[in-house]
Amino acid sequence: HGHRWPSIFFVFGGAGLLWCIAWFALVHSYPSTHPRISPEEREFIESSIPTKMSVPTPWRAIMTSSVFWAVIVSHLCNNWAAYTLLTDMPTFFNDVHNIGIMKSGIFSALPDRK
């Protein structure tokens with residue numbers, strides 16, 4: 001039978017672990033702590049970084065913005081519609097097209113032809 005469905009979790013978990021190890025080995029928060037760049041490159045990078053300015057977040061303006069709430073509502077509606085379609089598609093295939101749950105899993109996984 002070969003590998004069964006749980007093996008996909010081990011494959012992606014292993015890939016994520018390898019990515020994490022590579023990230024922690026190669027990426028550094030500041031040029032001054034990076035061990036593999038030349039002093040000239042470090043100086044160039046540090047001189048190119050602008051000084052940090054502290055600007056307060058305008059929370060009142062954000063929370064009273066109609067554009068912000070339109071984005072929130074549209075995102076909520078989009079997620080609701082997507083998950084409704086995702087969870088009801090096998091039932092739709094069974095009730096309307098008389099395709100059983102086992103076959104509908106295959107049809108549900110097929111990409112959409114636009």
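This is a short talk on a few residues and helices in one structure, taken region by region.

Hi everyone, and thanks for coming. Before anything else, please keep in mind that this is a predicted model.

Let's begin with helix H1, which spans 7-26. Ile8 sits in this helix, and its relative accessible area of 40% makes it partly exposed. Ile8 also belongs to a nonpolar patch on the surface, together with Trp5, Phe9, Val11 and Phe12. That patch covers about 640 Å².

Further along H1 we come to Gly16. Gly16 is partly exposed too, at 38% relative accessibility. Gly16 and Tyr30 are 14 residues apart along the chain, and their C-alpha atoms are separated by 24 Å.

Now let's step out of H1 and into the loop that leads to helix H2, which runs 39-48. His34 is in that loop. Is His34 buried or exposed? With a relative accessible area of 17%, His34 is buried, because the cut-off for that label is under 20%. Which residues does His34 contact, once we set aside its neighbours within four places in sequence? They are Leu26, His28 and Arg42. There is a polar feature here as well: a polar atom of the His34 side chain lies 3.1 Å from the backbone nitrogen of Arg36.

On to helix H4, which covers 66-96. I'd like to walk you along this one from its start. There, Ser65 brings a side-chain oxygen to within 3.3 Å of the backbone nitrogen of Val67.

Moving down the helix, we reach Thr87. Thr87 counts as exposed, at 53% relative accessibility. Even so, its side chain has a polar atom 2.8 Å from the backbone oxygen of Tyr83. As a reminder, an α-helix has 3.6 residues a turn, so residues three or four places apart point the same way.

Where does H4 bend? The bend is at Asp88, and the angle is about 45°. A proline, Pro90, follows within four residues of that point.

Next in H4 is Asn94, which is partly exposed with a relative accessible area of 33%. Not counting residues up to four places away in sequence, Asn94 touches Ile99, Gly100 and Ile101. We can also tie Asn94 back to the glycine from earlier: Asn94 and Gly16 are 78 residues apart along the chain, with 37 Å between their C-alpha atoms.

That brings us to the loop between H4 and H5, where we find Asn98. What is the sign of phi at Asn98? Phi is positive, near 55°, and this is a residue other than glycine. Asn98 comes just after H4, and at 67% relative accessibility Asn98 counts as exposed.

Ile99 shares this loop, which leads on to helix H5 at 101-109. Here the label changes: Ile99 counts as buried, at 17% relative accessibility. Remember that Ile99 is one of the residues touched by Asn94. For a sense of scale, Ile99 and Pro39 are 60 residues apart in sequence, and 66 Å apart in space from C-alpha to C-alpha.

Let me close with three places to look at on screen. In the loop after H1, find His34 with its contacts to Leu26, His28 and Arg42. In H4, find the bend of about 45° at Asp88. And just after H4, find Asn98 with its positive phi of about 55°. Thanks for listening, and I'm happy to go back to any of these views.

Definitions and conventions:
Residues are numbered from 1 along each chain as its sequence is written. This is a predicted model: local features need pLDDT of at least 70, side-chain atom pairs count only at pLDDT 80 or more; totals for chains, interfaces and linings use all residues. Side-chain values use heavy atoms; hydrogens and water are left out. Helices (H or I, at least four residues) and strands (E, at least two) are DSSP runs, numbered from the N terminus. Buried means under 20% relative accessible area, exposed over 50%, partly exposed in between (1.4 Å probe, protein chains only). A polar contact is a pair of N or O atoms within 3.5 Å; within protein, one must be able to donate a hydrogen and the other to accept it, and residues adjacent in sequence count only if both atoms are side-chain atoms. Contact means heavy atoms within 4.5 Å. Patches are made of residues with over 30% relative accessible area and no salt bridge: like charges are joined within 9 Å, nonpolar side chains (Val, Leu, Ile, Met, Phe, Trp, Tyr) within 5 Å. Accessible areas come from the Shrake-Rupley method with a 1.4 Å probe; for residues, only the protein chains shown count as cover. A salt bridge is a side-chain nitrogen of Lys or Arg within 4 Å of a carboxyl oxygen of Asp or Glu. The bend at a residue is the angle between axes fitted to the seven residues ending there and the seven starting there.
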